[in-house]
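Student: I should like a close look at a single part of this model, namely its pockets and what surrounds them. Please give one connected account.

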Amino acid sequence: KEEIVTNWLPRYTDTPVEAFGKYILLTNFISYVHDFARMENAEIRGLQRPMQTVTSADGITLVNFGMGSPNAATVCDLLSVVRPEAVLFLGKCGGLKEEVRVGDFILPIAAVRAEGTSDSYFPPEIPALPSFQLQKAVSHTIVANSLKYHTGTIFTTNRRVWEHDAEFKAYLRRTRCIGIDMETATLFIASFANRISHGAFLLVSDIPMTPEGVKTDQSDIAVTEEYAALHLKIGVESLRELKNSGESLRYLVF
């Protein structure tokens with residue numbers, strides 16, 4: 001496996017293994033890559049490859065791995081050769097509860113494994129959980145920026161078009177999940193399988209349980225313009241604080 005991923009990580013990213021930092025941000029939005037590159041005055045690599053990277057001068061790497069749980073699993077497998085200290089996912093999700101609004105932040109405590117991909121790593125009864133110390137560090141950074149966040153369980157699915165399905169939405173209400181996405185559970189499980197300390201910090205981009213809340217191209221652009229910079233800022237500050245403190249995140253027994 002190590003021989004394979006050592007060869008494939010540069011092939012997917014146009015970035016040598018040794019160029020990756022030990023603190024890694026994951027996203028599935030190319031705009032975050034360009035924003036981070038401007039923030040850090042750093043080079044974007046892999047624009048013609050499936051995944052793009054940017055690495056700051058102090059060794060924080062952001063990777064855009066694309067959309068969906070198979071890509072999420074792939075990037076976790078590939079990053080195993082880097083042996084990162086921490087991997088934090090900056091993703092967007094749909095809000096499922098009335099108290100959640102567009103632009104809110106969610107710090108997940110768990111994820112429902114309804115995507116199928118994670119079944120390739122562990123039996124379905126194994127829970128998809130983040131590394132507590134990493135989520136704690138993100139929480140501290142959010143509060144330090146005088147912001148608030150929700151916490152709860154994320155429903156991760158491979159089904160992209162479901163907003164029209166009343167039966168599926170009724171099922172989602174019964175799960176009592178706070179949000180829905182396509183990557184979080186996979187990232188938690190695949191990172192756990194690869195002995196990577198991992199977490200997620202999600203931005204609510206839409207409220208898909210109501211017809212007027214379904215994401216559109218126009219609404220997604222508006223969310224990105226208004227909230228993405230703050231989302232990225234919190235993620236970068238969280239990892240930078242951990243990196244500078246030297247605090248170990250390896251309390252999780254793999």
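**The pockets and their surroundings**

Tutor: In this predicted model, the largest pocket has a volume of about 330 Å³. Its lining comprises 20 residues, and those that lie nearest the centre of the pocket are Met67, Lys92, Arg160, Met182 and Lys215. By class, the lining of the largest pocket consists of nine charged, seven nonpolar and four polar residues. Three strands each supply at least two residues of this lining: strand 5 (86–95), strand 8 (179–181) and strand 9 (198–206). Strand 5 provides the largest share, with three residues.

The second largest pocket has a volume of about 170 Å³. The residues that line this second pocket are Leu107, Pro108, Ile109, Pro130, Phe132, Gln135, Lys136, Ser139, Tyr149 and Thr151. Here the classes divide into six nonpolar, three polar and one charged. Strand 6 (105–114) and helix 4 (132–144) each supply at least two residues of the lining, and helix 4 gives the most, with four residues.

Strand 5 also leads to another part of the model, for it is among the elements that cover the buried residues of helix 3. In helix 3 (residues 69–79), the buried residues are Ser69, Ala72, Ala73, Val75, Cys76, Leu78 and Leu79. Besides strand 5, their cover includes helix 1 (2–13), strand 1 (23–27), strand 4 (60–64) and helix 6 (184–193).

One of the buried residues of helix 3, cysteine 76, merits a further remark. Its relative accessibility is 2%, and it therefore counts as buried, the cut-off being under 20%. The structure holds zero disulfides. Cysteine 76 is accordingly in no disulfide, and the nearest cysteine sulfur, that of cysteine 93, is 18 Å away. Cysteine 177 is likewise in no disulfide; for this residue the nearest cysteine sulfur is that of cysteine 93, 11 Å away. Cysteine 177 has a relative accessible area of 3% and is buried.

Helix 2 (residues 30–40) may be read beside helix 3, since burial can be listed for it as well: Tyr32, Val33, Phe36, Ala37 and Glu40 are buried. Viewed down the axis of helix 2, these buried residues fall within an arc of 135°, so they line one face of the helix. Just after helix 2, asparagine 41 adopts a positive phi of about 50°.

Technical notes: Residues numbered from 1 in each chain as written. Predicted model: local features only at pLDDT ≥ 70, side-chain atom pairs only at ≥ 80, totals over all residues. Heavy atoms only, no water. Buried < 20%, exposed > 50% of the residue type's maximum accessible area, 1.4 Å probe, protein only. Arc of directions from axis to C-beta. 1 Å grid on protein atoms, 1.4 Å probe; cavity = no way out; pocket = protein on both sides within 12 Å on 5 of 7 lines; lining within 4 Å. Points joined across faces, edges and corners; volume = space filled by probe spheres on them. Nonpolar A, V, L, I, M, F, W, Y, C, P; charged D, E, K, R; others polar. Contact = heavy atoms within 4.5 Å. Disulfide = S-S within 2.5 Å.
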